[in-house]
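Hi,

Here is the structure I promised to pass on. Have a look at it first, then read my notes below.

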Amino acid sequence: MNGPHDLGGQHGLGPVAPEKDEPCFHAEWEKRALGITLSCGAFGAWTIDESRHARETLPPATYLAASYYEIWIRALEKLLKRHGFVTQAELDGGQMLEKGREPKRVLKADMVAGALARGGPCDRAVDAPPRFVAGETVRTRNFHPETHTRLPRYARAKVGVVEAVQGSFVFPDDNAHGEGENPQWLYTVVFSASEIWGESADPTLTVSIDAWESYLERV
Amino acid sequence: MSEHHHGHGEGHDHHHHDNHFTDMEARVKALETVLTEKGLIDPAAIDAIVETYETKVGPRNGARVVAKAWSDPEFADWLKRDATAAIASLGFTGRQGEHMRAVFNTPDTHNLIVCTLCSCYPWAVLGLPPVWYKAPAYRSRAVIDPRGVLAEFGLELPAEKKIRVWDSTAELRYLVVPERPEGTDGFDENALANLVTRDAMIGTGLALSPVGAR
């Protein structure tokens, strides 16, 4: 979707402010926010793609003003309500009012090391051979779905070169919406800066994205 | 709960990491309480997750990968061909490191990693991302004005050096292998790893020179 998360090339967002000797967390609540988010992810009720979409559908003013863990928490509240684990009244009151849905699993302390070590691999075999080969020139599609996509706006309707076929992976545009994993081939596609940014582009710059097969057309 | 305002002027007015402690503390506390009462989360599991990223998984993992690539050409080749397996051989696997790719700086080309769409980052080798990596300023500008971004990190590259920006739009997580600094002949892997900064492995910095590191 063309949400506030799709930031590539936007102006006016200020200088980068690297912090000297930045701590791992800036506040206790950030630690809890990380742990709660990962714990709820372990329910198995939604995918990483659905959770990304929950974040990118926050109102732009909220999204851009929020720290990153705040974005996580606001999106997590949406997911928990959507999937029947908590109600708004419970969030408002800060206490349980009804039992709610039971998850497939609850992450206990002794499961953490294993769960983090396993992660969530999302490479999946596909039957068809890759449609494009390394070295081939392709054009990205020009679409603007309100649903989730991982083709950034700045890289739509642009001509680039396939640098590598990276294997086949779960297709987020479907997986975010409960429509299945529907894996596709994934390609690293390289663009010249002038193709993306036009006449004042840095001539030494190239930018690549990792694009699912259905994002690409033959030229 | 009231909406927070984007609070400036509380002693750190030029940064994006003012974190609205009071509102968010209350909000997260309410959420944790409800979920704990329902038996949906285990507060001890949260402690274990936090401890993992505070003490076990961080940029020193990535520094070991780079140091080994600098010292062992066969490992460097493996890292180029199959970074996931090469990195896993050192014990670094799992969440946000499931599918790794290593990109090597050369005398001609400097690599820079960004996720313009969220904040994808190779947790397994670099730990949790710094605030600036997740912030709109970096995510918006890394793809259009990387030299300007690098200057804000104090890194001025020669004008003829090409810049390759990798936008992490899929589940591949990128690790930049910086160039090995001069004057490090005979350094063992530990000494080399000490020269590898987190920023060098994102591309917003270079490896330290042995003189500067002393």
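**Notes on the two chains**

R52(A) and E171(B) form a salt bridge through their side chains, with 2.7 Å from N to O. Keep in mind that this is a predicted model.

That pair is a good way into the interface of the two chains. How many salt bridges are there between chain B and chain A? The count is nine. Polar contacts add to the picture: 39 residue pairs make one across this interface, both residues being at pLDDT 80 or more.

Which elements of chain B supply at least two residues each to the side that touches chain A? The helices are α1 (21–37), α2 (43–56), α7 (131–134), α8 (136–141) and α9 (146–152). The strands are β3 (162–167) and β4 (173–177). α1(B) gives the most, with 12 residues. Sorted by class, this side of chain B has 41 nonpolar, 20 polar and 23 charged residues.

Now the extent of the contact. It takes 84 residues from chain B and 93 residues from chain A. Together the chains bury about 7800 Å². Carbon and sulfur atoms carry 61% of that area. Which residues of chain B lose the most area to chain A? They are K38(B), L40(B) and L117(B). Together these three give 9% of what the chain B side buries.

**Inside chain A**

Chain A has eight helices and five strands. Along the sequence they follow the pattern α-α-α-α-α-α-β-β-α-β-α-β-β. The C-alpha atoms of chain A fill a box of roughly 60 × 45 × 35 Å along the principal axes.

The chain is divided into domain 1 (28–118) and domain 2 (137–218). In this contact, domain 1 of chain A puts in six residues and domain 2 of chain A puts in 10 residues. The centres of the two domains, taken over C-alpha atoms, are 29 Å apart.

How much area is buried between domain 1 and domain 2 of chain A? The value is about 580 Å², and carbon and sulfur atoms give 48% of it. On the domain 1 side, D49(A), R52(A) and H53(A) lose the most area to domain 2 of chain A. Together they make up 67% of what that side buries. So R52(A) turns up twice: in the list just given, and in the salt bridge to E171(B).

Between the two domains of chain A, the rule finds zero salt bridges. It does find three residue pairs in polar contact, with both residues at pLDDT 80 or more. The domain 1 side of this contact has no nonpolar, two polar and four charged residues.

**What UniProt lists**

These annotations come from unreviewed entries.

- Residues 1–106 of chain A are listed by UniProt as "domain: Nitrile hydratase beta subunit-like N-terminal". This span is 47% helix and 0% strand, and its end C-alpha atoms lie 31 Å apart.
- Residues 121–217 of chain A are placed by UniProt under "domain: Nitrile hydratase beta subunit". Here the chain is 9% helix and 35% strand, with end C-alpha atoms 27 Å apart.
- Residues 23–204 of chain B are covered by the UniProt annotation "domain: Nitrile hydratase alpha/Thiocyanate hydrolase gamma". This span is 48% helix and 12% strand, and its end C-alpha atoms lie 33 Å apart.

Best wishes

Note on methods. Residues numbered from 1 in each chain as written. Chains lettered and ligands numbered in written order. Predicted model: local features only at pLDDT ≥ 70, side-chain atom pairs only at ≥ 80, totals over all residues. Heavy atoms only, no water. UniProt positions renumbered as here; feature names shortened; annotations may be inferred. Helix = DSSP H or I, 4+ residues; strand = E, 2+ residues; numbered from the N terminus. Domains from an automatic or database assignment. Contact = heavy atoms within 4.5 Å. Buried area = accessible area lost by both parts, 1.4 Å probe. Salt bridge = Lys/Arg side-chain N within 4 Å of Asp/Glu carboxyl O. Polar contact = N/O pair within 3.5 Å; in protein donor to acceptor, adjacent residues only side chain to side chain. Nonpolar A, V, L, I, M, F, W, Y, C, P; charged D, E, K, R; others polar.
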